[in-house]
Amino acid sequence: MAKGYQAPRGTQDILPPVSGQWHHLEDTFRQVCERYGYQEARTPVFEEAALFARGIGDATDIVSKEMYVFEDRGGRSLSLRPEGTAGIARAFVEHKLAGEKSAWKVFYLISIFRYERPQAGRYRQAHQVGVECFGAGGPDVDAEIIALNMAWYRDLGMKGHELRLNSLGCPACRPGHRQALTSALADVAEELCPTCQGRLDTNPLRVFDCKSPSCGELVANAPAPLDYLCDGCRSHFDALRVLLDGMELPYEIDPRLVRGLDYYTRTAWEVKYAELGAQDALCGGGRYDGLVEQLGGPKTPGIGFAAGIERALVALEKGGITMPETGAGGVMVIGLDEASRQRSVLLAEEIRAHGLRAETDYFERGLKAQMKQADRLGARWAVMLGEEEMASGEATVRDLMSGDQESVPLEGVAGWLGERVVTPAP
Ligand code: HAM
């Protein structure tokens with residue numbers, strides 16, 4: 001036998017019936033975005049590698065260690081996208097979508113690629129849903145996007161998740177904080193882990209995100225950005241909090257919350273789900289008022305978030321939330337002899353034309369085996385055709401949920417079902 005292949009390390013196959021759960025998460029997300037006035041954007045899976053280096057930051061782990069960079073046959077340096085924001089911002093600039101007093105609001109459902117060490121909840125190909133809003137810089141937009149974020153989890157039935165909020169300041173107040181942080185850390189520099197020692201020069205803020213407990217202790221009392229906010233950032237943050245309180249969205253201020261991407265300014269947030277263990281971030285987002293300009297566009301504020309689908313699924317499962325799987329509902333059309341089998345193929349087609357899922361048996365099996373198949377498929381109805389039905393011109397239709405059964409004229413079965421099964425039963 002030829003050698004078998006396996007999916008690459010850090011990737012997974014999403015197969016039926018689990019793919020139905022993915023649809024549920026994605027459909028719910030689309031509906032939420034629709035309510036908030038966001039429309040879908042699709043950008044390429046790969047971009048110029050330099051876009052991510054510039055947008056996300058050279059010194060970040062994502063860019064320096066985790067990108068899938070490759071040279072194409074034309075010698076261009078490209079990268080599979082490690083996240084969605086940079087590509088969307090590139091499209092915003094490229095298509096000149098900036099306008100006076102106008103907001104560009106988009107959502108996306110994407111695969112992202114990061115060469116990370118795979119573990120529970122961390123993949124090399126992961127999936128995100130996310131939104132980005134360009135052009136509006138006020139705290140009202142921050143509140144609205146955080147509300148959208150939380151509405152998705154609410155609509156999914158998620159429980160036990162926690163919203164953590166911080167402000168990272170802006171180019172006006174950051175240097176003051178950076179200086180205070182670097183001088184505070186200078187005293188303990190030698191005790192920091194080698195990675196954090198390296199961060200002192202390149203990106204000191206990232207020391208807050210170090211997973212090593214000894215670094216955690218060393219930076220526990222280090223100056224936080226929140227204590228160094230300029231007046232503008234402070235009043236933005238206060239106004240956001242008033243709005244979140246007004247919306248009755250619970251949150252916790254986390255002065256040590258920093259993000260793994262460098263483009264953030266002001267508001268930053270994450271939603272955590274403690275039971276996920278080491279990879280407990282369900283999603284992350286924030287404001288990035290300098291990104292568009294950094295990518296060659298006009299000065300334009302921006303804000304967004306992205307949420308992992310894999311992690312949301314695990315959290316829902318841990319919370320005991322049942323989700324629909326592929327294939328629930330629909331009709332099994334059962335033919336019991338040569339003639340009725342032929343008729344069942346045609347009848348299934350008529351039923352599909354009425355918008356319902358219909359399936360037939362491919363293997364000339366008997367009634368019992370076909371009923372089992374109906375059960376496996378999660379069918380809601382079984383339509384049975386045998387010698388008797390063909391002679392009388394009436395199909396036997398069974399509601400598999402209630403067990404009720406009745407005869408329906410063959411010509412009218414599809415319409416009859418169409419009227420009853422408007423949406424597939426859960
Ligand atoms: P991020 O925090 O890097 O932010 O990723 C957002 C979420 O994607 C994470 O909280 C996690 O749920 C999921 N995720 C990321 N990497 C992986 C992985 N390797 N395996 C499984 N899940 C993963 C961003 O990507 C930003 N672009 C978010 C954003 C949008 N900020 C502003 N706009």
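In the predicted model, a polar side-chain atom of Thr85 is placed 2.9 Å from a nitrogen atom of the ligand. Two further polar contacts involve Gln128 and Gly304. The side chain of Gln128 brings an N or O atom to 3.0 Å from an oxygen atom of the ligand, whereas Gly304 contributes a backbone N or O atom, 3.4 Å from a ligand nitrogen atom. Of the 660 Å² of accessible area that the ligand has on its own, 96% is covered by the protein.

The ligand is surrounded by 28 residues, of which Glu83, Glu116, Tyr123, Glu132 and Tyr264 are the closest. By residue class, this shell comprises 13 nonpolar, eight polar and seven charged residues. At least two shell residues come from each of strands S5 (104-113), S6 (125-134), S10 (281-287) and S11 (302-308). The greatest share is that of S10, which gives six residues to the shell.

Nonpolar packing was examined next. The largest nonpolar core consists of 50 residues, and the most contacts inside this core are made by Leu25, Phe29, Val131, Ile145, Trp152 and Tyr153. Helix H5 (residues 139-156) is the main contributor to the core, supplying 11 residues. Beyond its neighbours within four places in sequence, Val131 is in contact with Phe29, Cys33, Tyr38, Val106, Phe107, Tyr108, Ile145, Leu148, Ile303, Gly304 and Phe305. Gly304 thus appears both among the contacts of Val131 and in a polar contact with the ligand through its backbone. A second core, separate from the largest one, contains 45 residues, among them Ile88, Tyr108, Leu205 and Val292.

Terms used: Residues are numbered from 1 along each chain as its sequence is written. This is a predicted model: local features need pLDDT of at least 70, side-chain atom pairs count only at pLDDT 80 or more; totals for chains, interfaces and linings use all residues. Side-chain values use heavy atoms; hydrogens and water are left out. A nonpolar core is a set of buried Ala, Val, Leu, Ile, Met, Phe, Trp, Tyr and Cys residues joined through side-chain atoms within 4.5 Å. Buried means under 20% relative accessible area, exposed over 50%, partly exposed in between (1.4 Å probe, protein chains only). Helices (H or I, at least four residues) and strands (E, at least two) are DSSP runs, numbered from the N terminus. Contact means heavy atoms within 4.5 Å. A residue is near a molecule or strand if one of its heavy atoms lies within 4 Å of it. A polar contact is a pair of N or O atoms within 3.5 Å; within protein, one must be able to donate a hydrogen and the other to accept it, and residues adjacent in sequence count only if both atoms are side-chain atoms. Accessible areas come from the Shrake-Rupley method with a 1.4 Å probe; for residues, only the protein chains shown count as cover. Ala, Val, Leu, Ile, Met, Phe, Trp, Tyr, Cys and Pro count as nonpolar, Asp, Glu, Lys and Arg as charged, and the others, Gly among them, as polar.
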